[in-house]
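Reader: I am new to reading protein models, and I would like to learn how to go from single residues to pockets, cores and domains. Could we take one feature at a time?

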Amino acid sequence: MKAIAYEQPGLPINDPQSLFDTDLPEPQPGARDLRVQVKAIAVNPVDTKVRAGGDTNGPRVLGWDVAGVVESVGPEVTLFKPGDEVFYAGSLIRPGCYSELHLVDERIVGRKPASLNFADSAALPLTAITAWELLFDRLGVAEQGGEGDTLLIVGAAGGVGSILTQLARQLTRMTVIGTASRGETQAWVTQQGAHHVIDHHQPLAPQLNALGIEQVTHVASLTHTDSHYAQLIDVLAPQGKLGLIDDPASLDAMPLKRKAISLHWELMFTRSMFETPDMIKQHELLNRVADLLDSGVLRTTVGQHFGTINAENLRRAHALLESGASRGKTVLEGF
């Protein structure tokens, strides 16, 4: 089967060997696996992070956002059958989806939204799971709850930020404030439903004060947490909640004590990495997201379509992510 892989971690993305086209054996499904014919994929920051430092024993395939068609199933599969259209984010400890065929445990797979094509669907699984778990599981916001609360989303124009903004605006009563630094991305965040947009390259407190907001009750810090950490503590209300998904080099929790701020990490791969007893929650979550998309409550977060799934186009997509200038999700479609 066709695949895009790398063997030498840390190569600059303009090096043809940083991602290259190859042929690999077709994978065989395990007991609870689906073998999926990959129709479309999306790229995520985790792709670039793993490529920068992930060890390999031969060609390693990246990619954790898929929309496709079930081709075959393992003997213990009960949730899907061949021919079903699905979308999912996969597992960090298994081969990725930059390939014509891909294996995935059925418990982390959802039905593809009927109202969306494959490319628009592929933009959503990883970020929707991350945003949903961060908002409702980690920060503890109740659906249709949060009245009187304020959520500050740092990095709201990215993939997770885009769908988190939608979820918070559509499914809670919180005031939603997103951050973005360019006119183009600020307009994008407004389109996703934020009540207000401020610039994270400028001091946060004065911008919030100008909106009549002295403090926020919840923060979702999605990028550069170490750069904003002191400011986030400053603008959080006593007993506020700070959630994050990025990888600061270090994080001193002691400054949170005075305000009794709680700290919450989100990693959507945790359930699949450890095969937790509630692993099937991601199947249920993705089906719920598909329902919300089909009913028009949510919409796709595609920002760019980079064409066919091949090494050249994936190198372009990785370069865009590494530039920090991406908006929404970048998708690729077909081989």
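Reader: Let me start with a single residue: where is the place of Ala260?

Author: Please keep in mind throughout that this is a predicted model. To place a residue, one looks for the helix, strand or loop that holds its number, and Ala260 is in the loop between β13 and β14 (262-265). Although Ala260 is not a glycine, its phi is positive, at about 55 degrees.

Reader: Which residue in strand β13 has a positive phi although it is not a glycine?

Author: That residue is Gln239, with a positive phi of about 65 degrees, and its place is in strand β13, which covers residues 236-244. Gln239 counts as exposed because its relative accessibility is 66%, and exposed here means over 50%.

Reader: Is Val86 buried or exposed, and what does it touch?

Author: To decide this, one compares the relative accessible area with a cut-off, and buried means under 20%. Val86 is buried, since its relative accessible area is 0%, and it belongs to strand β6, residues 85-88. When residues up to four places away in sequence are not counted, Val86 touches a set that includes Val36, Val66, Phe80, Val109 and Arg111. One can also compare places along the chain with places in space: Val86 and Ala114 are 28 residues apart along the chain, and their C-alpha atoms are separated by 9.8 Å.

Reader: Where is Leu124 found, and is it buried or exposed?

Author: Leu124 is found in the loop between α2 (118-122) and α3, and it counts as buried because its relative accessible area is 0%. Leaving aside neighbours within four places in sequence, the residues in contact with Leu124 include Asp65, Phe87, Ile163, Leu293 and Arg299. Leu124 and Gly328 are 204 residues apart along the chain, while their C-alpha atoms are separated by 9.9 Å.

Reader: How should I read a helix, and which residues of α1 are buried?

Author: The general idea is that an α-helix has 3.6 residues a turn, so residues three or four places apart point the same way. In α1, the buried residues are Val46, Asp47, Thr48, Val50 and Arg51. Among the elements that cover these buried residues of α1 are β1 (2-6), β3 (33-43), β4 (60-61), α3 and α10.

Reader: Which residues touch the most other members of the largest nonpolar core?

Author: For a core, one asks how many residues belong to it and which of them have the most partners. The largest nonpolar core has 90 residues, and Tyr98, Leu135 and Leu314 touch the most other members. The largest share of this core comes from α3, with eight residues, and both domain 1 (2-126 + 271-333) and domain 2 (143-266) supply at least three residues each. Apart from this core lies another of 18 residues, among them Leu152, Tyr229, Ile233 and Leu244. To return to Leu135, its contacts beyond four places in sequence include Gly140, Leu151, Leu164, Ala168 and Met174.

Reader: How many residues does the contact between the domains take from each of them?

Author: The chain is divided into domain 1 and domain 2, and their C-alpha centres lie 27 Å apart. The contact takes 16 residues from domain 1 and 17 residues from domain 2.

Reader: What is the volume of the largest pocket, and which residues are closest to its centre?

Author: A pocket can be described by its volume and by the residues that line it. The largest pocket has a volume of about 1300 Å³, and of the 46 residues in its lining, Pro45, Lys49, Leu222, Thr223 and Asp246 are the closest to the centre. Helix α1 gives the most to this lining of the largest pocket, with four residues, and each of the two domains supplies at least three. By class, the lining of the largest pocket divides into 18 nonpolar, 20 polar and eight charged residues.

Reader: Which strand gives the most to the lining of the second largest pocket?

Author: Strand β7, residues 101-105, gives the most to that lining, with three residues. The second largest pocket has a volume of about 190 Å³, and its 13 lining residues include Met1, Pro27, Pro95, Gly96 and Leu101, which lie nearest its centre. Its lining has nine nonpolar, three polar and one charged residues.

How values were computed: Residues numbered from 1 in each chain as written. Predicted model: local features only at pLDDT ≥ 70, side-chain atom pairs only at ≥ 80, totals over all residues. Heavy atoms only, no water. 1 Å grid on protein atoms, 1.4 Å probe; cavity = no way out; pocket = protein on both sides within 12 Å on 5 of 7 lines; lining within 4 Å. Points joined across faces, edges and corners; volume = space filled by probe spheres on them. Helix = DSSP H or I, 4+ residues; strand = E, 2+ residues; numbered from the N terminus. Nonpolar A, V, L, I, M, F, W, Y, C, P; charged D, E, K, R; others polar. Domains from an automatic or database assignment. Core = buried A, V, L, I, M, F, W, Y, C linked by side-chain atoms within 4.5 Å. Buried < 20%, exposed > 50% of the residue type's maximum accessible area, 1.4 Å probe, protein only. Contact = heavy atoms within 4.5 Å.
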